[in-house]
Amino acid sequence: MAEVAGSVIRVNGPVVQIRCNRNLKMLDMVEIGAERLIGEIVRLKENIAYIQVYEDTTSLKAGDPVYSDDLPLSLELGPGLIGNIFDGIQRPLEMIRQQEGDFISRGVHINALNREKRMHFIPLKKQGESVQPGDVIGEVPETSLIKHKILVPSYAPAGNLISIISEGDYTVEEVIAEIEGIDGTIFPLKMYQRWPVRKQRPYKQRIPVSEVLITGQRVIDTLFPVAKGGCVAVPGGFGTGKTVVQHQLAKWSDADVVVFVGCGERGNEMTDVLRNFTRLIDPRTGKLLLERTVFIANTSNMPVAAREASIYTGMTIAEYYRDMGYNVALMADSTSRWAEALRELAGRMEEIPLEEGFPSYLPARLAEFYERSGSVITLNDRTGSITIIASVSPPGGDFSEPVTSHTKRFIRCFWALDRDLAYSRHYPAISWIESYSEYVEELKSWWDKYTDGQWLEYRYTILDLLQQEQRLQQVVKLIGMDVLPNTQKLILETCSLFKNAFLQQSAFDDVDTFCSAQKQFLMFKAILIFHRVSNELVKIGVDISEIRESSVYQEIMRMKTQYPENQIDKLKQFVDSIEENLRGLEKK
Amino acid sequence: MNMYNLREYTGLEEIAGQLFVIRNIHNVGYNEVVEISEENGNVRIGTTLEVGEGYAIVQVLGGTSGLSLKNCRVRFKGEPLLFGASQDMLGRIFDGLGNPLDGLPKPVPEEMMNVNGMAMNPAARDYPENIIETGISTIDVMNTLVRGQKLPFFSGSGLPHDLIAAQIVRQARVEGEGFCIVFAGMGVKYDTARFFIRNFEESGALDNVVLFLSLADSPSLTRLMTPKFALTAAEFLAFRKNMQVLVILTDMSNYCEALRELSTMRGEIPARKGYPGYLYSDLAGIYERAGKIKDSKGSITQIPMLTMPNDDITHPVPDLTGYITEGQIVVDRELHARGIYPPISVLPSLSRLMKDNIGKGKTRDDHSELASQLFASYAKTRDIRAIASIIGEEELSSLDLVYLKFGENFENKFVNQSYNERRTLQQSLEIGWDVVSELPEEELVRISKDHIKQRYRKKNGDKNTSDENKSA
């Protein structure tokens, strides 16, 4: 067990100062007091160490002993992560509940991975084969979706496998293989490895992104797509639907593994996610969503220091699955709470504040975090990726505040949530004026495979119409609609149709909640055909109200719910018939 | 309690505001209770804000007026602040620190509970289900309140939020046994406190109410403790006694002011508008104590009230509150000025838990579509009004005029109801249909064809359909 490393000299909320009796290292883990509260060394000054404590510090006293075994705060990475829910420093919440009751008490020490549970190990290497760090020596069917690859840790030596256990059920603590290094040292391998929570996991090289992360959300996939390995920020004031967007993506995006970090958000939201994921079926695999998801929950009322760590915990777990060759999506809700935790801890350590009280290293920390996303060649020559989808909660919905503005520097895709849209219950309230995606050109060839090669052209057409509409609306506000020429009125009409029939998507409608790429494109096409043909009709004198009252218009309005995914053919027929139907108005 | 810790010290080093510093002490824990007794036997309570080698910074909950550096004895109790909770709290009135104000003795405690509470394990939470019918159309139909939810009122000074809260307390229908109310008044005016007490008396609810009052003139630190005591009482009633507890916290703006005052006094680095950087975490520590636990029948539903300074919804207090709570009900000055009661502005209002708890098998199958349509159409009305105010109504198209008519009906018939009127959800939904039928059928794009066929009131006075619906 850990040795005494010093004693407490000052307690100020989650920050504790200790006097060390030996040389301590930055970011090493310590345990404080009789209850052995977990903390991490965040600053050293002469013989004083500042510790950020991951638990409530009530009743800590000056003179309380501090223990350390000179190791950094580490995570356990191995089979058993998926489907589990952990707190910010990877303590299993369900186990804590069984042991401690409904409320989280302090000083709980429970291993992240269950030590009793036996897991089925299938060796993929033979005795005598040479292995490198990062190599896959076997796999464990973790869930029916995820084959958990057992990796040689990057801190292990390269060498020969001098033993490997045969296929069977083992606990994570059992030694499953041994490597003899070149220098003759024997390195035992278990099914899990330990990894420092703040340290980036190594890979061979970064590669450019090329594939769309299909989310099933029309406004995202069609207008502002994100690539697998990309990073996107979702800023929005309260009530604009950040969390619903996060939940929708966690549910429907086509990532292999989803790591969902609830960072300083509501407890009931975590319950909602858990409850949904234990019963919702992934439309692509037909399996429970839970079978591909890891949850990290550090709700707003849990200790603030652990909130700061939760983002790194989630990231490290995401990297671990990336290293097995999976496409991982990391949902962080919300990064503002994480930044605020940084601010709170910086304040307690009496650091000099900059804008809005945030510490000077806020941009550096944000950059570090976002740069851990990306598509990579792993040490074992597979490709894997991490997509970051981070929500940002700007105070007062003001996007010029430090967290949002700094975040914008490090992301390439921006889904701005708009309060006015949310007020009129236009969900997802993603603003088509303020949002952008820098991945569009890179993803063109991918989209072209699914569509008739016209996606980019269509996209620019509609964005142009939406821009025009915004300008026209300002004119209308001043002088009214009647004075506009009919072609301009039609632009307003088309945009209104596009917003209602296409952009708006109900997360709570069984059909509408997920929309495949094919369906999206057909719907997109329908509206553009409508605009093109109507434009011709209007020019020859057909009244816009006639067009609006036509059955085609009504049909387009309802196509999102009218045609479920298994009736794409019918939708296609309908789209093909739009032009002819509209031309019928000409004859009247 | 460890008797060894019960040592007394005399002599303070410094008193500043509601804090004092004491030196040459040992074995004092962070966030523990301190008793300060004066020579005349007067005892105050405090807690340690910071401890170090041989010193502690203590916040005095009763205020420091009359304390001198020499005249007091300080005793460290070695335990966090506790509240003796019991079933007998019901019907009683306490001050902000849990001492009786009604002249009766303290109830015999069944359990001593730490007022700071503990964080509920997210894995132990149960998702809020079962709506609370308040009898107010704008809430029941458009911003449904759910058992276990925290739904604040964002109001402004001079607006009737107290009246609405009192109406909810009187009308709320909760299925199941044991409904009770915990009321925490922080820095409220005497008249406000009186208003609520009288209201509870008149409706015969007082026996099911626990009141915690710290009036506007009590020390700011007492204000900070009031919600903690109230929520501790609520947790006891909900999770030990399986009751359905509705907690009303008023006014959270006063609470935040007190927090800012204390933070400034401690010389902490401010974040926005002088409020400390940890305001979010601190508020979360209060609001997150609402909820339900698996395998437990009780629940805590919170209705915090706050007055937005200058009616500014982006002010840090409503802003951070909105980020933690599950929605908000916004009380609107303009509607109030037009004599509409309750003046609830539906567009910025929101109930996040509504989506999962309405609809088929829960309320009525057309509920969510109707609510969504009302929101959308009313939002459009607002845009049209803005245009009309510039170009005049004469210039509007005929469809726009229909929208204006709809908007008026919506406000006068749907939003507007009397202080004593308790509408059932069915009644509210029907009024919603009456109002929305003002609009032509094609405009109702958020409602499915089936529901329109079933419930849309035809223009030509086709009474039959609407009568059928009422019986259905």
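Q: Buried means under 20% relative accessible area, exposed over 50%, and partly exposed in between, with a 1.4 Å probe and protein chains only; what makes Glu38(B) count as buried?
A: Glu38(B) has 9% relative accessibility, and since buried means under 20%, the residue falls in that class. This is a predicted model, in which local features need pLDDT of at least 70 and side-chain atom pairs count only at pLDDT 80 or more, while totals for chains, interfaces and linings use all residues. Residues are numbered from 1 along each chain as its sequence is written, chains are lettered from A and ligands numbered from 1 in the order in which they are written, and side-chain values use heavy atoms, with hydrogens and water left out.

Q: Why is the meeting of Glu38(B) and Arg44(B) called a salt bridge?
A: A salt bridge is a side-chain nitrogen of Lys or Arg within 4 Å of a carboxyl oxygen of Asp or Glu, and the side chains of Glu38(B) and Arg44(B) meet at 2.6 Å, N to O, so the pair satisfies the rule. Arg44(B), at 10% relative accessibility, counts as buried.

Q: What makes Arg275(A) and Asp272(A) a salt bridge, and how far apart are they in helix α4 of chain A?
A: Their side chains meet at 3.3 Å, N to O, which is within the 4 Å limit. The two residues are three residues apart in helix α4, and therefore separated by about one helical turn; a helix here is a DSSP run (H or I) of at least four residues, as a strand is a run (E) of at least two, numbered from the N terminus. Arg275(A) is buried at 18% relative accessible area, and Asp272(A) is buried at 5%.

Q: How do you know that Arg532(A) is partly exposed?
A: Arg532(A) has 39% relative accessibility, a value that lies between the limits of 20% and 50%. Arg532(A) forms a salt bridge with Glu579(A), with the closest N and O atoms 3.2 Å apart. The pair links distant parts of the chain, 47 residues apart, from helix α13 (residues 517-539) to helix α16 (residues 568-587) of chain A. Glu579(A), with a relative accessible area of 27%, is partly exposed too.

Q: What makes strand β11 of chain A mostly covered, and which strands pair with it?
A: Five of the six residues of β11(A), which spans residues 136-141, are buried. Two strands pair if DSSP finds at least two bridges between them: two bridges join β9(A) to β11(A) in the antiparallel sense, and β11(A) pairs with β12(A), also antiparallel, over five bridges. Gly138(A) in β11(A) stands opposite Pro123(A) and opposite Ile150(A) in β12(A). A hairpin of five residues joins β11(A) to β12(A).

Q: How do you know that chain A and chain B are in contact, and what area do they bury?
A: Contact means heavy atoms within 4.5 Å, and 80 residues of chain A are in contact with 80 residues of chain B. The two chains bury about 6,600 Å², 53% of it on carbon and sulfur atoms, where buried area is the accessible area (1.4 Å probe) that two parts lose on being put together, summed over both.

Q: What makes Asp272(A) and Lys355(B) one of the salt bridges between chain A and chain B?
A: The closest N and O atoms of Asp272(A) and Lys355(B) are 3.3 Å apart, so the distance is within 4 Å. The count between the two chains is six salt bridges. Helix α4 (residues 267-277) of chain A gives the most to the side of chain A that touches chain B, with eight residues.
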